[in-house]
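Here is a friendly tour for anyone meeting this structure for the first time. Have a look around, and then let us walk through it residue by residue.

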Amino acid sequence: MQDILLGSHCKMFGKEMFLGSVKEAVSYGANTFMVYTGAPQNTKRKDISELCIEEGHEYMKEHGIDRFVIHAPYIINLGNTVKPEIYKLAKDFLAVELQRTIAMGSDTLILHPGSAVGADRGDAIKQIIEGLNGILTPDMKCSIALETMAGKGSEIGCTFEEIAAIIDGVECRDKLTVCFDTCHVFDAGYDIVNDLDGVLERFDKTVGKEKISVFHINDSKNGLSSHKDRHANIGEGMIGLDALAKIVFHPDFAGIPKILETPYITDENGDDKPPYKEEIALIRSSGEAIV
């Protein structure tokens with residue numbers, strides 16, 4: 001069995017910054033990972049020169065890691081047609097994040113497509129396309145991975161058809177891929193527990209399986225079609241370990257990074273700690289039962 005690329009979200013802070021992120025990933029037994037270039041809730045960013053990028057890549061090389069992905073901040077909303085200033089901020093900041101992603105040495109920037117904020121969904125999709133067309137270029141050394149969404153509020157991208165519509169409308173569509181989030185697609189109404197093959201077939205016909213460049217592997221605290229987007233720890237939610245393991249070890253997606261974004265757990269001392277070392281080990285051991 002080919003070794004899977006399995007990791008988690010890792011923090012980036014303090015003096016070590018990116019180097020610290022890589023060390024965190026290694027401590028979990030991960031061979032890939034995901035970071036933000038700064039806080040996901042605001043536009044404050046340290047200069048690239050302060051991120052210890054070279055040191056981080058050297059540590060990656062020493063520990064056999066050669067791929068990682070970056071997540072764009074939550075505040076980017078290209079779909080806001082209500083407030084032009086929010087759209088302009090989103091477009092300008094996304095362009096900056098793309099350049100930071102390239103400078104950090106990743107070829108994938110994961111992006112929430114956006115929200116219609118109560119306005120017309122079709123108009124929101126058109127504006128997302130317009131924004132991406134104004135940013136993406138044929139020679140760009142990075143792709144944007146549109147994340148599948150749960151459908152909370154007026155999120156765009158909760159159906160495969162909406163993801164396909166965005167991709168089809170963008171001129172440099174070869175620079176667009178997809179981040180397939182297990183919790184989100186389940187909450188959006190795609191039954192990956194009882195009909196994984198059917199869901200993947202529908203995705204393939206609508207978008208194309210070859211467009212998937214990264215997975216978010218998360219269990220869900222809520223049931224099918226709940227549209228809640230509340231992640232659960234692996235094996236403790238409504239999706240379950242078996243269904244998630246079938247995705248992680250699916251032969252069609254060998255070599256594609258799988259990233260955990262599961263909640264921190266409370267230890268015996270009442271302190272919150274990341275569950276990723278244990279969950280990565282749990283998923284890897286479950287692979288032995290996958291035929």
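Arg 100 touches Thr 37, Arg 45, Lys 46, Asp 47, Ile 48 and Leu 51, leaving out residues up to four places away in sequence. You will find Arg 100 in helix H3. Please keep in mind that this is a predicted model. Is Arg 100 buried or exposed? Its relative accessible area is 8%, and since buried means under 20%, Arg 100 counts as buried. One of its partners, Thr 37, is 63 residues apart from Arg 100 along the chain, yet the C-alpha atoms of the two are separated by 7.1 Å.

Helix H3 also holds Glu 97. With a relative accessible area of 0%, Glu 97 is buried. Not counting residues up to four places away in sequence, Glu 97 touches Thr 37, Arg 45, Pro 73, Ile 76 and Leu 109. Thr 37 and Arg 45 are therefore among the contacts of Glu 97 as well as of Arg 100. A separation along the chain can also go with a wide gap in space: Glu 97 and Ala 165 are 68 residues apart in sequence, and their C-alpha atoms are separated by 23 Å.

The next stop is the nonpolar core. In soluble globular proteins, nonpolar side chains tend to be buried together. Here the largest nonpolar core has 80 residues. Which of them have the most contacts inside this core? They are Phe 33, Leu 132 and Ile 166. Helix H3, residues 84-104, gives the core its largest share, six residues. Apart from this core lies another one of seven residues, including Met 34, Val 69, Cys 179 and Val 214.

Phe 33 is worth a closer look. Beyond its neighbours within four places in sequence, Phe 33 is in contact with Ser 8, Cys 10, Phe 18, Ser 21, Val 22, Ala 25, Met 60, Ile 65, Arg 67, Phe 68, Val 69 and Ile 259.

Ser 8, one of those partners, sits in strand S1, residues 6-9. Ser 8 is buried, with a relative accessible area of 1%. Its contacts, residues up to four places away not counted, are Tyr 28, Thr 32, Phe 33, Met 34, Ile 259, Leu 260 and Tyr 276.

Strand S1 also contains His 9. His 9 is partly exposed, at 24% relative accessible area. With residues up to four places away set aside, it touches Glu 24, Met 34, Tyr 36, Ile 259, Leu 260 and Tyr 276. His 9 and Ser 21 are 12 residues apart in sequence and 8.8 Å apart in space, C-alpha to C-alpha.

His 9 leads us to the largest pocket, since it is among the residues that lie nearest the pocket's centre, together with Tyr 36, Tyr 74, His 231 and Glu 261. This pocket has a volume of about 320 Å³ and a lining of 16 residues. How do the lining residues divide? Six are nonpolar, six polar and four charged.

Helix H4, residues 121-133, offers a small check of geometry. At 1.5 Å a residue, its 13 residues should span 18 Å, and its end C-alpha atoms are 18 Å apart, so the two agree. Buried in H4 are Ala 124, Ile 125, Gln 127, Ile 128, Ile 129, Gly 131 and Leu 132. Their cover includes H3, strand S4 (108-111), strand S5 (143-147), helix H5 (160-169) and strand S6 (176-181).

Between S4 and H4 runs a loop that contains Val 117. Val 117 is partly exposed, at 39% relative accessibility. The backbone of Val 117 and that of Asp 229 can be set side by side: each has a positive phi in a residue other than glycine.

| Residue | Phi | Citation |
|---|---|---|
| Val 117 | near 40° | |
| Asp 229 | near 60° | |

Asp 229 lies in the loop between strand S8 (219-220) and strand S9 (231-232).

The last stop is Ile 283, in helix H9, residues 276-286. At 1% relative accessibility, Ile 283 counts as buried. Setting aside residues up to four places away in sequence, Ile 283 touches Leu 6, Ile 217, Ile 234, Leu 241, Val 248, Phe 249 and Leu 260. Among these, Ile 234 is 49 residues apart from Ile 283 along the chain, with 8.2 Å between their C-alpha atoms.

Definitions and conventions. Residues numbered from 1 in each chain as written. Predicted model: local features only at pLDDT ≥ 70, side-chain atom pairs only at ≥ 80, totals over all residues. Heavy atoms only, no water. 1 Å grid on protein atoms, 1.4 Å probe; cavity = no way out; pocket = protein on both sides within 12 Å on 5 of 7 lines; lining within 4 Å. Points joined across faces, edges and corners; volume = space filled by probe spheres on them. Nonpolar A, V, L, I, M, F, W, Y, C, P; charged D, E, K, R; others polar. Core = buried A, V, L, I, M, F, W, Y, C linked by side-chain atoms within 4.5 Å. Buried < 20%, exposed > 50% of the residue type's maximum accessible area, 1.4 Å probe, protein only. Helix = DSSP H or I, 4+ residues; strand = E, 2+ residues; numbered from the N terminus. Contact = heavy atoms within 4.5 Å. Expected span 1.5 Å × (residues − 1).
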